[in-house]
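The following exercises concern charged side chains and paired strands. Each task is followed by a solution in steps.

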Amino acid sequence: MNIQKIAVVGCGLILSVAAGAVAEREDKLSNPFRVSPFVSKGVIYEKSSEEENLFFDYAAGLRLGYTGFELDVNAMGFVSSRLYEGDKDRDFTTGGGSFRLKHGAMERLLVQGDLAFRRVEDIDVYGSEFAVGGVSPDSVLDASTRSRRDVSQAGVSVGRNLTDKMDLETGYRFDDVSYIDPGLWDIATHMVQIETSRKLTDKTDGLLTVKGGMQDHEALDDPAYYYATHLGLRIKSTEKVFSILHK
């Protein structure tokens with residue numbers, strides 16, 4: 001079914017009064033805490049060959065952070081609602097949250113742990129914010145984007161500089177997608193990734209990534225396996241480019 005969506009109104013608003021108060025407090029007291037509330041509203045017109053809909057998307061959330069000596073803690077929570085014009089039976093509310101803790105330093109040992117859970121219906125708007133375990137988000141196969149589902153994720157990664165020019169990071173990630181509709185099959189994924197980089201010049205690193213995974217699917221008798229290798233370059237921005245991008 002071909003669906004066209006038109007965003008009539010879409011806006012995001014950081015609560016600048018609260019954020020500004022926190023920033024001022026940080027300047028005066030050197031407070032390591034960060035507080036960033038946010039809200040958004042969107043009006044969407046959706047049309048297909050069979051029907052047309054007008055609905056309103058609302059979202060609110062809070063990001064919290066703390067940075068200390070070799071310690072970085074971040075948490076995020078959100079709740080969102082969709083309200084249909086003229087079809088209240090399709091209204092729904094979703095929400096979720098994440099927690100990340102990083103301890104140490106690459107010069108010795110950097111350890112990171114992640115936990116995340118969210119209930120999603122339609123597109124997973126905040127999915128990109130829930131990358132865990134040092135593994136890229138493509139480990140989740142979530143094709144039924146218009147179905148209500150619970151997404152649970154956990155991961156851990158460990159990194160260290162091997163020499164002054166070379167570092168190594170390894171990570172493990174677990175994803176579980178559980179659909180509310182009994183007619184859809186749940187999916188569980190395990191993924192391991194190893195990544196190393198070597199300094200070639202002052203601004204260029206050679207990058208090698210190797211990852212493999214296993215996915216359990218209720219529709220299959222045996223799990224599916226996935227392997228990939230990526231070889232490339234990581235180029236750092238020059239000071240001139242950096243200043244232009246951040247004006």
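**Exercise 1.** Determine whether D122 and its salt-bridge partner are buried or exposed.

*Solution.* Step 1: D122 has a relative accessibility of 5%. Buried means under 20% relative accessible area, exposed means over 50%, and partly exposed lies in between (1.4 Å probe, protein chains only). D122 therefore counts as buried. The model is a predicted one, in which local features need pLDDT of at least 70 and side-chain atom pairs count only at pLDDT 80 or more, while totals for chains, interfaces and linings use all residues. Residues are numbered from 1 along each chain as its sequence is written, and side-chain values use heavy atoms, with hydrogens and water left out.

Step 2: A salt bridge requires a side-chain nitrogen of Lys or Arg within 4 Å of a carboxyl oxygen of Asp or Glu. D122 meets this rule with R82, the closest N and O atoms being 2.8 Å apart. The two residues are 40 residues apart in the chain: D122 lies in the loop between β6 (109-120) and β7 (149-161), and R82 lies in strand β4. Strands (E, at least two residues) are DSSP runs numbered from the N terminus.

Step 3: R82 has a relative accessibility of 8%, so R82 also counts as buried.

**Exercise 2.** Describe the salt bridge of E121 and the accessibility of both partners.

*Solution.* Step 1: E121 pairs with R148, and their closest N and O atoms are 2.6 Å apart. Step 2: Both residues belong to the loop between β6 and β7, with 27 residues separating them. Step 3: E121 is partly exposed at 21%, and R148 is partly exposed at 25%. Step 4: Elsewhere, shared partners join D57, R82 and D122 into one salt-bridge network.

**Exercise 3.** Which residue forms a salt bridge with R34, and how many salt bridges are counted by the rule?

*Solution.* Step 1: The partner is D72, with the closest N and O atoms 3.7 Å apart. Step 2: R34 is in strand β2 (residues 33-48) and D72 is in strand β4 (residues 71-84), 38 residues apart. Step 3: R34 is partly exposed at 31%, and D72 is partly exposed at 22%. Step 4: The count comes to nine salt bridges.

**Exercise 4.** How do β4 and β6 each pair with β5?

*Solution.* Step 1: Two strands pair if DSSP finds at least two bridges between them. Step 2: β4 and β5 (residues 92-105) run antiparallel and are joined by twelve bridges; G77 stands opposite G97 in β5. Step 3: β5 and β6 run antiparallel and are joined by eleven bridges; K102 stands opposite Q112 in β6. Step 4: A hairpin of three residues connects β5 to β6.

How values were computed: Helices (H or I, at least four residues) and strands (E, at least two) are DSSP runs, numbered from the N terminus.
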